Amino acid sequence: MTLTEGASVLEAVFESALAHRAEPTNTYVSLHEISMRGMIDLRGLNTDKKFMAAAKQVLGIDLPKAPRTSETFGDVKALWLSPDQWMILCARDKAPALTAQLTEALAGIHSLAVDVSDMRAIIRVEGEGAREVMMKGSSLDFTDDDFKPGYVRRIRFAEIAALFNIVEDNVIDLYVFRSYAHYTMDFLTKAARKGSEVAALRK
């Protein structure tokens, strides 16, 4: 909570988890926070035609049913998390209104839509070597052909719960719970420091 100039009451002011932290230097990939992204936790049954139709009416896209996939329409993106759960991404200032629209459209249908934009921090790993850096924190082979743009998966990264989405071939967004943002950035900064490249891990 912050008392803004000229205000007579306390007003909530958003501040991202890494707002006061300078972006790391001396790394062979770019590491930076995506701070203005809204996130909505959407739950429902993918076998419920009414649920799927109502979600599409609001979002403009069919929710992905195939595991570890995503769908995009304009600035809205849906990440598959499980057969009955998706993370909806949008501009941060759009999330409250979009959540309200989903709640209204899904009234009477077994479902839940919650704005969880403050729950996670997002760190973008970008550049040649992005997959290599990710492999230093997980047991997954990011050079596998299944790891294409759009791929999404929940994992253990550097011993913590995380979620990643491959945005482009060398652009990966890593989602972690907000309280682990600094820990994760510390890990990534060390994993990506210049001179620590591992050519054998590149595609």
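User: Which residue is the bridge partner of E126 in β10?

Analyst: This is a predicted model, in which local features need pLDDT of at least 70, side-chain atom pairs count only at pLDDT 80 or more, and totals for chains, interfaces and linings use all residues. Residues are numbered from 1 along each chain as its sequence is written, and side-chain values use heavy atoms, with hydrogens and water left out. Strands are DSSP runs of E with at least two residues, helices are runs of H or I with at least four, and both are numbered from the N terminus; two strands pair if DSSP finds at least two bridges between them. Strand β7 (residues 120-126) runs antiparallel to strand β10 (residues 171-177), joined to β10 by seven bridges, and the partner of E126 there is V171.

User: Which residue of β1 stands opposite E126 in β7?

Analyst: Strand β1 (residues 30-33) pairs with β7 in the antiparallel sense, over four bridges. The residue opposite E126 is S30.

User: In what order do the five strands form the open sheet?

Analyst: The pairing in this sheet is antiparallel. Strands β1 and β8 each have a single partner strand and stand at the edges, so one side of each is left without a neighbour in the sheet. The order of the five strands is β1-β7-β10-β9-β8.

User: At about what angle to β7 does helix α4 run?

Analyst: Helix α4 (residues 181-191) lies across β1, β7, β8, β9 and β10, where contact means heavy atoms within 4.5 Å. Axes are lines fitted to C-alpha atoms, for helices over the stretch in contact, and angles run from 0 to 180 degrees between N-to-C directions. On that basis, α4 runs relative to β7 at about 15°.

User: How many aromatic pairs are there?

Analyst: Rings of Phe, Tyr and Trp (its six-membered ring) pair if their centres lie within 6.5 Å, and planes under 30 degrees apart count as stacked, over 60 as edge-to-face and the rest as tilted. By this rule, the count of aromatic pairs is eight.

User: What is the centre-to-centre distance of the tilted pair F142 and F164?

Analyst: Both residues are buried, meaning under 20% relative accessible area with a 1.4 Å probe and protein chains only, whereas exposed is over 50% and partly exposed lies in between. The planes of F142 and F164 stand at 45°, and the distance between their centres is 4.8 Å.

User: Which residues do ring pairs link into a cluster?

Analyst: F147 and Y151 form a stacked pair, at 4.5 Å centre to centre with 20° between the planes. Ring pairs link into a cluster the residues F142, F147, Y151 and F164.
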